Amino acid sequence: MGHINFMRQCVLEVFTLDIKTAYTYSFVYIRQLAITLKKAYTTQRKIDIQSVINWQFINSLQLWSEFVSRFSSESDLVHSLVYPLVQIIVAVVRLNPGDRWLPLRFHCVTMLNQLSSGCRREPEKKSKSLKAHASISCLHRDYFVPSLPLLLDVFNLNIIYKRSATLSRNPMDLRLLLHFSQSQLRETAALDAIIAWLLDGLVKALNNFSSIAFPELSAPVVTELRNFIKSSRVHAFTRQVKPLLAKLLEQIDYVYKKRRVIRNMNEESTILALEKSMANDLNAPFVEFYNEFSKRRVEQLSELSKIYAQTVSQSTCSVAF
């Protein structure tokens with residue numbers, strides 16, 4: 001995984017040298033991904049579906065998602081790739097519904113959140129290498145990337161409401177999985193990982209909403225979190241969900257108070273100024289929660305990487321002997 005991430009970053013650095021040429025390559029390969037996905041939907045043959053459900057396809061999606069999220073606010077050409085890329089990612093999830101394919105779903109949600117976050121960047125933050133290209137039109141845009149519906153669907157799965165009876169020796173790192181086996185799905189580590197990635201996706205998706213419509217956009221999340229807390233039999237999971245719900249309600253009250261200054265929805269300048277001030281307010285309830293959550297999440301993922309490295313090392317030693 002580390003080697004692939006390194007190669008992806010190298011490719012992205014090369015792309016900064018000529019964004020127009022990079023767009024040409026990205027368009028061709030994203031189009032090829034769409035063709036492969038369309039064939040899987042059309043034929044429904046196992047071999048065609050497997051051409052989508054593999055690491056080569058997902059790693060390619062991750063590369064182009066990072067490319068588009070990094071440069072979409074700096075180039076009209078790259079901006080035009082946001083919509084087709086989002087459609088491909090959502091279609092990949094819909095091709096493989098069900099609890100066994102939750103790791104794949106979380107990979108796709110991560111890409112959608114990355115696109116949503118990247119598209120919110122201000123044009124002043126563009127890299128020095130891109131400033132030299134006078135032909136690039138830099139316009140600031142906000143997008144609504146539909147990652148929340150894919151996460152809310154997880155609350156419809158029965159497995160997250162009850163604790164598994166099969167104990168696990170080690171935690172699961174979903175970054176290394178595309179799907180669960182039937183035996184893995186019955187382990188406690190799988191459920192722990194599902195809840196962790198579900199909360200991670202929700203927090204990142206909600207953090208991208210610097211809009212006066214935050215209360216309305218987050219209403220389905222509030223409903224699902226309340227139902228989960230009421231219905232779940234696993235107290236360890238409800239303890240993780242309650243802080244998110246509390247901060248979410250605080251943020252909703254915060255936005256309600258902020259948007260009282262708006263007297264008319266036709267006052268576009270007032271709305272834009274308010275949303276900009278909200279986006280830059282580092283003391284907003286959910287922003288503080290997001291920063292703390294992100295730090296803990298980085299530590300958790302780092303610990304998972306160490307555990308995986310130790311497991312591989314032990315396996316190598318046992319094979320050698």
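This passage describes a pocket, one of the helices that line it, and the surroundings of a serine residue in a predicted model.

The second largest pocket encloses about 480 Å³ of space, and the elements that contribute two or more residues to its lining are α11 (188–207), α13 (235–258) and α15 (285–320). Of these elements, α15 supplies the largest share of the lining, with 8 residues. The lining comprises 20 residues in total, and those that lie nearest the centre of the pocket are Asp-192, Ala-196, Gln-240, Arg-297 and Gln-300. By residue class, the lining of the second largest pocket divides into 13 nonpolar, 2 polar and 5 charged residues.

Helix α13 consists of 24 residues and spans 35 Å between its first and last C-alpha atoms, a value close to the 34 Å expected at 1.5 Å a residue. The buried residues of α13 are Phe-237, Thr-238, Val-241, Leu-244, Leu-245, Leu-248, Gln-251, Ile-252, Tyr-254 and Val-255.

Ser-147 is located in the loop that connects α8 (128–131) with α9 (148–152). Because its relative accessibility is 3%, and the limit for a buried residue is under 20%, Ser-147 is classed as buried. When neighbours within four places in sequence are left aside, the residues in contact with Ser-147 are Val-109, Leu-112, Asn-113 and Ala-205. With Asn-113, the side chain of Ser-147 also forms a polar contact, side chain to side chain, at 2.8 Å.

Key:
Residues are numbered from 1 along each chain as its sequence is written. This is a predicted model: local features need pLDDT of at least 70, side-chain atom pairs count only at pLDDT 80 or more; totals for chains, interfaces and linings use all residues. Side-chain values use heavy atoms; hydrogens and water are left out. Helices (H or I, at least four residues) and strands (E, at least two) are DSSP runs, numbered from the N terminus. Buried means under 20% relative accessible area, exposed over 50%, partly exposed in between (1.4 Å probe, protein chains only). A polar contact is a pair of N or O atoms within 3.5 Å; within protein, one must be able to donate a hydrogen and the other to accept it, and residues adjacent in sequence count only if both atoms are side-chain atoms. Contact means heavy atoms within 4.5 Å. On a 1 Å grid over the protein atoms alone, a cavity is a set of points where a 1.4 Å probe fits but cannot get out, and a pocket is an open set with protein on both sides within 12 Å along at least five of seven lines; lining residues have an atom within 4 Å of a point. Grid points are joined across faces, edges and corners, and a volume is the space filled by probe spheres set on the points. Ala, Val, Leu, Ile, Met, Phe, Trp, Tyr, Cys and Pro count as nonpolar, Asp, Glu, Lys and Arg as charged, and the others, Gly among them, as polar. The expected span of a helix is 1.5 Å times one less than its number of residues.
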